[in-house]
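Reader: Hello! I have a model open at my bench and would like a close look at one part of it, then a walk through its surroundings. Could you take me through it?

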Amino acid sequence: MKNFYRDGGLVISVAALVAAMVFLELYVYSQNTNMFWITLPFIVLIVGFVIGKLIQVTRKTVQYQSRINEELEHKQLMSTYSYPLAAVVTDSLDRIIWCNKLFEEEFPDAREYGTSISEITDIKPKTFFEHDGKVIKYNDKVFRVYARVPDEDEENGELTLLFFRNITDYSAIRTEKKLSQPVVMLVMVDGYEELISGCPESEKAHVSVQIDKLLEDFIDTTTGILRKISSDRFVAVIEERHLAKMIEDKVSILDKAREIFVNDRVNVTLSIGIGRTGKTLTESEKIAQQALEMALGRGGDQAAIKTESGFEFYGGVSKGVERQAKVRTRIIAHSLLAMADNSDKIYIMGHKFSDLDSVGSCVGLTCALRNLGKDAHTVCDRDTSLAKELIDLFPAAGQTDDPVIISPAKAIDGITDDTLLIICDTHNPKIIESAELLEKAKKIVVIDHHRRMVNCIENAAIFHHEPYASSASEMVTELLQYFGEAGRLKAYQAECLLAGIMLDTKNFVMRTGVRTFEAAAVLRKLGADTITVKKLFSSSIDSYKRKTQIVADAEIYRQCAIAPCDFYADDLRIVAPQAADELLTISNVDASFVLYRTMNDEVSISARSMGGMNVQLVMEALGGGGHQTMAGVQLKNCSVKQAMQALCQAIDSYYETNTKSEN
């Protein structure tokens, strides 16, 4: 019918033109006979040309329609409007040349001959040849589109037959099923026992009621349930639709929890683990438990959601609550001694480019285990270490038959299946001193204080992780108190542990708690001299000049001091963190960042803060990590300028995401 109107209109137009020409000639004849005979040949030519073109177009149309009909017949199409699926035929230019009745009903705006299929979807028809087709949306409806795959012997591939299956109802059911999927939430009040210790009963009850009311108000906004399983633990089951809203609000319940204060001095924080991908509630609960452990390992005050690629984190802007109880430390110490008794030798190593905390904690633990008669060694590469002054306190290989510190190569040659490997001051397998040694070890223990990262050493028999501790040296000092007489180190050995504590606390200024000073007191009692330790931090005049040059080149960006270092020196790994610490003394600076190039042609960023900004989150955005007040990252295949641009973007993202939380 559409073709009839189109071709009939063309015929009528031509007939009208011929009639007009004839009328014009009759008028000319009535006025001037001579002029009539002059113009008549031209009029005849024009009319003949127009009629000839009409015949040509009509013939081509008939031929084209005939070819289409043959093609449609070849494809075994039913040229009837009662076909059970919406069907359409497109040409090589994706134009509609045929459709059935159901297609006209489903797509009233695209039923005209010659309409482009792009009026319906931006997806190219050629992609519909996939086995499962493609899902498209048109207005408020959802369709799955299939294409007829041409036979191999077909020469004419100009035409494509598309079928549109209306799956709107199915899609709605599937969406509802996904939105109603149960999600398990495990909620824990961070350091609850320490939080309310010493409080009167009325204050404890008041805080408990406020926490309960906060969580009850949250669950009332959902269709889920909430159960209190202990004084500081809750479990909730909500639907996926409510979790999406919760994520959209950046888990605002964390911010509301910080508005609850204990004795008007310490605010309450929550850690939340969310399991959403389990096939059963039991599986989701296990996933939620893993997420909660990850949130607690990163210092608490945050929500962790396990995803297919790792974890997503929300919150984490406040300082963690220090745990006063040492029960877990005692249990870890006894378990460590039991593993040491069942090992033929013990290797203890830290991270690459080891600092005073890494080497100090390793050496302190090595000496204590040697006091027990164990074959223990610290594994460290002196050439790349940043604590050469501390390493020089111990005789090297060649100067003694049984040196305390050995190279990674020697440790790899001596490792057996019964060797115990203890890793201190890191839990990231990518930055340990020797990846080969870790790969060969069968028994592994991890002792670390850094906030937990997604990529961690997962096969450790003991994972002693305390993000509230100031340093790994503090954690080792606490463990040694349960070693008996073996824990009574010599003065210079105790000074190694004290040096590690002083490094990570910036001389007892940053990240210090009650247990930090208790550990320092124990070491002081063993004979550690603070003046001797301070000398381990001394630097040359050239290093001092480089530090001042970095500070002088710093710029202020959004309350952050950023210093790009455009020169290279062997001691930059030591000087850069010192410069970052120095930049924090500038007024109205929340954090400092020093960028410098390493000998591996990487760009390292050393980040520091006084607590006003969580530099861990900024560094994690770039692929690094660390603590709230001390973090870093190594960037490959980029210049210092490019690294600075990426850093500024990460700072912008941090402020945009955490403005509400910080306020």
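Reader: In which sense do strand β6 and strand β8 pair, and over how many bridges?

Author: Happy to help! Please keep in mind that this is a predicted model. Strand β6, residues 182–189, and strand β8, residues 233–239, pair in the antiparallel sense, and seven bridges join the two. You can find one spot of this pairing by looking for valine 184, which stands opposite valine 237 in β8. In general, strands of a sheet pair through backbone hydrogen bonds, in either a parallel or an antiparallel way.

Now step back to the sheet around this pair. Six strands form an open sheet in the order β7-β8-β6-β11-β12-β13, and the pairing is mixed. The edges are β7 (225–230) and β13 (310–315), each of which pairs on one side only. On average, neighbouring strands of this sheet are turned by 20 degrees against each other, with direction ignored. A helix also belongs in this view: α7, residues 240–248, lies across β6, β8, β11 (270–275), β12 (302–307) and β13. Relative to β8, helix α7 runs at about 110 degrees.

With that sheet in mind, here is the setting. The protein chain has 663 residues, and 49% of them are buried. Its secondary structure comes to 22 helices and 25 strands. Among contacts with a separation of 6 or more, 64% are between residues 24 or more positions apart.

For a single buried residue, try glutamine 616 in helix α21, residues 615–621. Glutamine 616 counts as buried because its relative accessibility is 1%, and the cut-off is under 20%. Leaving aside residues up to four places away in sequence, glutamine 616 touches Arg298, Arg451, Gly626, His627, Gln628 and Ala631.

Empty space is worth a look too. The structure holds two cavities of 30 Å³ or more. The second largest cavity has about 30 Å³ of space. Its lining consists of Gly350, His351, Ser354, Ser358, Val359, Cys362, Thr378, Val379, Cys380 and Glu433. Two elements, α11 (356–371) and β15 (376–379), give two or more residues to this lining. Helix α11 gives the most, with three residues. Sorted by class, the lining of the second largest cavity has four nonpolar, five polar and one charged residues.

Finally, two loop residues make a nice pair to inspect for their backbone. Most residues other than glycine have a negative phi. Aspartate 94, however, has a positive phi, near 60 degrees. You will find aspartate 94 in the loop between β1 (86–90) and β2 (96–99). Asparagine 588 also has a positive phi near 60 degrees, and this residue lies in the loop between α20 (572–583) and β22 (591–597). Their surroundings can be read from accessibility. Aspartate 94 has a relative accessible area of 16%, so it is buried, as the limit is under 20%. Asparagine 588 reaches 66% relative accessibility and therefore counts as exposed, for which the value must be over 50%.

If you return to your starting point, look once more at β6 and β8, with their antiparallel pairing over seven bridges, and then at helix α7 lying across both strands. Enjoy exploring!

Conventions. Residues are numbered from 1 along each chain as its sequence is written. This is a predicted model: local features need pLDDT of at least 70, side-chain atom pairs count only at pLDDT 80 or more; totals for chains, interfaces and linings use all residues. Side-chain values use heavy atoms; hydrogens and water are left out. Helices (H or I, at least four residues) and strands (E, at least two) are DSSP runs, numbered from the N terminus. Buried means under 20% relative accessible area, exposed over 50%, partly exposed in between (1.4 Å probe, protein chains only). On a 1 Å grid over the protein atoms alone, a cavity is a set of points where a 1.4 Å probe fits but cannot get out, and a pocket is an open set with protein on both sides within 12 Å along at least five of seven lines; lining residues have an atom within 4 Å of a point. Grid points are joined across faces, edges and corners, and a volume is the space filled by probe spheres set on the points. Ala, Val, Leu, Ile, Met, Phe, Trp, Tyr, Cys and Pro count as nonpolar, Asp, Glu, Lys and Arg as charged, and the others, Gly among them, as polar. Two strands pair if DSSP finds at least two bridges between them. Axes are lines fitted to C-alpha atoms, for helices over the stretch in contact, and angles run from 0 to 180 degrees between N-to-C directions. Contact means heavy atoms within 4.5 Å.
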